[in-house]
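Subject: The model we talked about

Hi there,

Here is the structure I promised to pass on. Please open it alongside this message, and my notes follow below.

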Amino acid sequence: MPVSTDNTPSPRRFSVTLGGRELVIETGKYARQASGSVWVRYGETVVMATAEGSKEPIDLPFLPLTVEFEERHYAIGKIPGSFMRREGRPGEKAILSARMTDRPIRPLFPKGFRHEVQVILTVLAADQQNPPDVLGPVAASAALMLSDVPWDGPIASVRVGRVDGRLVINPTLQQLEESDLDLIVAGSQEAIIMVEAGAKEVSEDLLVEALDFAHREMQPLIALQREMREQLGKPKFTWTPPQSLSDEEVEAFYQLALQNGLKEVLLTGAKHERAEALDAFREKLVEMVVPEDGEEAEAKRALYKQAFGDVTKRELRRMISEEGLRADGRNPKEIRPIWMEVDVLPRAHGSAVFTRGETQVLGTVTLGTGRDEQIIDDLGLDESEDFLVHYNFPPYSTGEVKRLRGVSRREVGHGNLAKRAIKPMLPDKDDFPYTIRIVGDVLESNGSSSMATVCSGTLALMDAGVPIKKPVAGIAMGLVKPESGEPVVLTDILGMEDALGDMDFKVTGTSDGVTALQMDIKVQGLDSAVMQRALQQAREARLAILQMMRSIMPQPNPELKPFAPRIESLKIPVDKIGAVIGPGGKNIRSLEELGVSIDIAEDGTVRIYSAEGPAAEEAKKRIESMTREAKVGEIFEGSVVRTTNFGAFVQLFPGTEGLLHISQIAEERVEKVEDYLKVGDRVTVKVNRIDDKGRVDLIRPELEGKIPPRRPPRSGPRRGR
């Protein structure tokens, strides 16, 4: 039967060189029913993006955008490890990758756009050299540009590393292992929009340099998408903005609010008092503007209530930019009052509470063994994770009632930020072989709860006795850029300042450098000088917080808490592994009867796990004894185990004996060994030599120099005369 070729696709291919490798965007061949569809290939990593938008709006007060990041295990030739052997809910990496795409594309939809939009990113191939996460924003942008969905793109995204002191664009996973910077930047032609970074104490100056470098390097990708749009883009569908007040009505409403004391209401006390005062003030103003009744009047009141948010935002921005005054009375550089405490929970391995203003986080640390590591079943190189940070944001923390529906994407994102911040300061695995879990439970929230998680988590680690290299603190910064005049950088922003500001960025680090950075910028044309000033102001705040933390916890506790598990670690010769295990596992079973669990790696690393310190120490002592090797010059108090006509065999320690030759037993001539030594006698001996077969030759240290040492036996056959 002949096959019809009427529907033969006509794909179009666009490419650009990035980081010395070709990045290809292909469209017109796959998923052609989607409004916008592209395949992006970089190396042998392939990400498909589709974009769809509903033609009818939804009655919601926000943009109904969803971004999904789908990992297919066939991308690395792997069958999923789940019970059903198919991909299930997205893992943490997929959620973080989806957020990485959502954050830069969301601000570019038209204001008031209420049509449902769905972007689906599917990883079809992953070469485990070129990470697919950074390709997500590029693929989503290209799909949206080609689609009929109104969107003010394009954008691009790149990753920046620093290897051997040199900035590298889109480093491979192998290069990232050697890099002290992992920076992902998304931006438009005019400005940077989003930043996500982890670092090993890099300077603020280097971050600014890397951001400028990233923005320059992404420009060919942006130009490529504009070319695609001109050649292949669909006409954007028309939409009607939701009804709103005219500019003249909003201006009159703003002036009325000022005349009736809006500023004083904004400066009202704490968060909930301010919210209640603003609600009452809004109702009063709306009643003044629309006093009549009826359906038409009620609709008008709804529009004025919506406009009240813009009115308060405008006044807050004016207060900040013109008077340097914030809603809680602080100046732009001032940090809210801080108090903290450690060792707050009796059974936790480590605990701390960090409170900054009306934001409070309980940080707890749990220590586990290698068996507690998280198994990872994604497309990356790592198969397990021994450092976990979990962030919980319950509704009571903001005085609200909401159903608990599992971990949100926001919670995953904030937990990952705290993890990036603290991880560089963890002790080396050889020095502290524990699996570590930090939980940040937000008890109160009025901005910057993720940064409070970093601070409480650090204090909890120190309380637990984890020997971290340096303490880490974090601060959330904001920016107000007026139409005229200098931008104002805000330290330690409130929740409402996050909404009204032009930039939200969180910086964490030690006293010596930055360990993590997360930034979302809402304005175009933010220059490097402002960025530098913001980072410097964040550094000043971070150093002040670190000083307060040190006053509570100068250094990690020298000992683990009583309820923390004990892990003893030692290295034994590979050829001694069998001796520890014993025939049929006899020796290791006898050790585990002490109340310990023992893991032995192929390289001879032995880890002993126990709930009690003495049991682990005793097991370690026994293993050391079983695997010990004598060394030349060592002196032992040994026990005679047998005698012969040429000397006595002395046990130095279990499993190792040496020969004390008859010529070395006494200063005078010895005719019979038993006249001087008998089985069971204790004798002090010194290791004189060890031959190539491992045989140990002993001498009496007190006779050394008084009698000549025994000559080693000849290794070959004796010659005849």
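To start with a question: how are H10 and H11 oriented to each other? A word on the source before the answer: this is a predicted model. Helix H10, residues 409-422, packs against helix H11, residues 449-464, at an angle of about 50°, and the two axes lie 9 Å apart. The pair is therefore oblique, since the angle falls between the 35 degrees below which helices count as roughly parallel and the 65 degrees where roughly perpendicular begins. The crossing of H10 past H11 is right-handed. On the H10 side, the contact is made by Arg410, His414, Leu417, Ala418, Ala421 and Ile422. H11 brings Ser449, Ser450, Met451, Thr453, Val454, Gly457, Thr458 and Leu461 to the contact. Sorted by class, the residues of this contact are 7 nonpolar, 6 polar and 1 charged.

A second helix pair is worth a look. Helix H4 (residues 204-217) packs with helix H13 (residues 528-552) at about 150°, with their axes 10 Å apart. That angle is over 145 degrees, so H4 is roughly antiparallel to H13. Here, too, the crossing is right-handed, with H4 passing H13. From H4, the residues involved are Glu204, Asp205, Leu207, Val208, Leu211 and Asp212. They meet Ser528, Met531, Gln532, Leu535, Arg539 and Arg542 in H13. The contact of H4 with H13 comprises 5 nonpolar, 2 polar and 5 charged residues.

Now to the sheets. One is an open sheet of 6 strands with mixed pairing, in the order E1-E2-E3-E4-E6-E5. Its edges are strand E1 (12-18) and strand E5 (65-71), each of which pairs on one side only. Ignoring direction, neighbouring strands in this sheet are turned by 15° against each other on average. E1 pairs with strand E2 (residues 21-27) in the antiparallel sense, over 7 bridges. If you would like a residue pair to find on screen, Arg13 stands opposite Glu26 in E2. Helix H1 (residues 92-105) packs on this sheet and touches E5 and strand E6 (115-125). The direction of H1 makes about 145° with that of E5.

The other open sheet has 3 strands in the order E22-E24-E23, with antiparallel pairing. Strand E22 (566-571) and strand E23 (596-600) are the edge strands, each pairing on one side only. From one strand to the next, the twist averages 15°. E22 and strand E24 (residues 605-610) run antiparallel and are joined by 6 bridges. Glu568 stands opposite Ile608 in E24. Helix H16 (residues 613-627) packs on this sheet, where it touches E22, E23 and E24. The direction of H16 makes about 15° with that of E22.

There is also a hairpin to see, formed by E7 and E8 with 2 residues between them. Strand E7 (residues 156-163) and strand E8 (residues 166-169) pair in the antiparallel sense over 4 bridges. Arg162 has Leu167 in E8 as its bridge partner. In the turn, Asp164 has a positive phi of about 55°.

Finally, two loop residues. Is Pro80, in the loop between E5 and H1, buried or exposed? Its relative accessible area is 8%, which is under the 20% cut-off, so Pro80 is buried. Beyond its neighbours within four places in sequence, Pro80 is in contact with His73, Arg85, Arg86, Glu87 and Asp377. Pro80 and Asp378 are 298 residues apart in sequence, yet their C-alpha atoms are 8.4 Å apart in space.

The other is Asn446, in the loop between strand E17 (435-444) and H11. Asn446 has 6% relative accessibility and therefore counts as buried. Which residues does Asn446 contact, leaving aside its neighbours within four places in sequence? They are Lys271, Arg336, Glu358, Thr359, Ile493, Leu494 and Gly495.

Happy browsing, and do write back with your thoughts.

Best wishes

How values were computed: Residues numbered from 1 in each chain as written. Predicted model: local features only at pLDDT ≥ 70, side-chain atom pairs only at ≥ 80, totals over all residues. Heavy atoms only, no water. Axes fitted to C-alpha atoms, helices over the stretch in contact; angles between N-to-C directions. Parallel < 35°, antiparallel > 145°, perpendicular 65-115°, else oblique. Left-handed = near helix turned anticlockwise from the far one by under 90°. Contact = heavy atoms within 4.5 Å. Nonpolar A, V, L, I, M, F, W, Y, C, P; charged D, E, K, R; others polar. Pairing = 2+ DSSP bridges. Buried < 20%, exposed > 50% of the residue type's maximum accessible area, 1.4 Å probe, protein only.
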